[in-house]
Amino acid sequence: MPFSRERWIEIAKVRGLEQVEVRLIKKIGKCPHEEGEVFLYVHPNCRPEGLCGVAAIALETFVQRCSAKVPSWESDNPNIYRIHCPSKKGTLWEIKRIKIK
């Protein structure tokens, strides 16, 4: 039986993980999502409803790193990751930590 969203939130708090917001910042090529769409990961293993599988797989490693407070390579803000979907014209996503509510 899968964990509930509330259980994932409890696990994240105990492990010191932050919630992560994933936002589509630039739509390039074919993509089922639109610019400005936002998805919330309450735990890196709790995939948000509505996020397509291809994007979720491409973002997964970086959602985990961001949640665990591992700095990114972005010189303007090491708390944010910017990741393309795996396509030669992949959509651009921004991943950032937010405070657990």
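**Exercise 1. A cysteine and its surroundings**

Is C46 buried or exposed, and what is its relative accessible area?

*Solution.* The model examined here is a predicted one. As a starting step, recall that a residue counts as buried when its relative accessible area is under 20%. C46 has a relative accessible area of 15%, so C46 is buried.

**Exercise 2. Counting disulfides**

Work out how many disulfides the model contains, and examine C46 and C85 in particular.

*Solution.* The rule asks for two cysteine sulfur atoms within 2.5 Å. By this rule the count is zero disulfides. For C46, the nearest cysteine sulfur belongs to C66 and lies 16 Å away, and C46 is in no disulfide. For C85, the closest cysteine sulfur is that of C31, at 5.7 Å, which is too far for a bond. C85 is also buried, with a relative accessibility of 12%.

**Exercise 3. Reading the sheet**

Establish the order of the strands in the sheet, and explain why β2 and β3 each have one side without a neighbour there.

*Solution.* Begin with the order, which is β2-β1-β4-β3 in an open sheet of four strands with antiparallel pairing. β2 (38-41) and β3 (80-84) stand at the edges, and because each has a single partner strand, one side of each is left without a neighbour in the sheet. From one strand to the next, the twist averages 25°.

Next, follow the pairings across the sheet, taking each pair of strands in turn:

- β1 and β2 are joined by four bridges in the antiparallel sense, and E21 stands opposite L40 in β2.
- β1 and β4 pair over seven bridges, again antiparallel, with K26 standing opposite L92 in β4.
- β3 and β4 (residues 92-98) run antiparallel and are joined by five bridges; here I80 stands opposite K96 in β4, and R82 stands opposite E94 in β4.

**Exercise 4. The two faces of an edge strand**

Decide which side chains of β2 point to the buried face, and then describe the surroundings of Y41.

*Solution.* Along β2 the side chains alternate, with F39 and Y41 pointing to one face, where they are buried, while V38 and L40 point to the other and are not buried. Now take Y41, whose place is in strand β2. Its relative accessibility is 3%, and Y41 therefore counts as buried. Leaving aside residues up to four places away in sequence, Y41 touches Q19, V20, V22, C46, R47, P48, L51, A56 and V63. C46, the buried cysteine of the opening exercise, is thus among the residues that Y41 touches. The C-alpha atoms of Y41 and I80 are separated by 14 Å, with these positions 39 residues apart along the chain.

**Exercise 5. The helix across the sheet**

Describe how helix α2 is placed against the strands, and which of its residues are buried.

*Solution.* First, helix α2 (residues 53-67) lies across β1 (19-26), β2, β3 and β4, and runs at about 30° to β4. Second, consider its length: α2 has 15 residues and reaches 19 Å from its first C-alpha to its last, close to the 21 Å expected at 1.5 Å a residue. The helix is also bent, by about 50° at L59.

Third, list the buried residues of α2, which are A55, A56, A58, L59, V63, C66 and S67. To read such a list, recall that an α-helix has 3.6 residues a turn, so residues three or four places apart point the same way. The buried residues of α2 pack against β1, β2, β3 and β4.

**Exercise 6. Two loop residues**

Describe what stands out in the backbone of K69, and then locate G29 relative to G90.

*Solution.* K69 follows α2 and lies in the loop between α2 and β3. Most residues other than glycine have a negative phi. K69, however, has a positive phi of about 70° although it is not a glycine. With 39% relative accessibility, K69 counts as partly exposed.

G29 is found in another loop, the one between β1 and β2. At 47% relative accessibility, G29 counts as partly exposed. The C-alpha atoms of G29 and G90 are separated by 6.6 Å, although these residues are 61 residues apart along the chain.

Methods. Residues numbered from 1 in each chain as written. Predicted model: local features only at pLDDT ≥ 70, side-chain atom pairs only at ≥ 80, totals over all residues. Heavy atoms only, no water. Pairing = 2+ DSSP bridges. Axes fitted to C-alpha atoms, helices over the stretch in contact; angles between N-to-C directions. Contact = heavy atoms within 4.5 Å. Buried < 20%, exposed > 50% of the residue type's maximum accessible area, 1.4 Å probe, protein only. Expected span 1.5 Å × (residues − 1). Bend = angle between axes of the 7 residues up to and from the residue.
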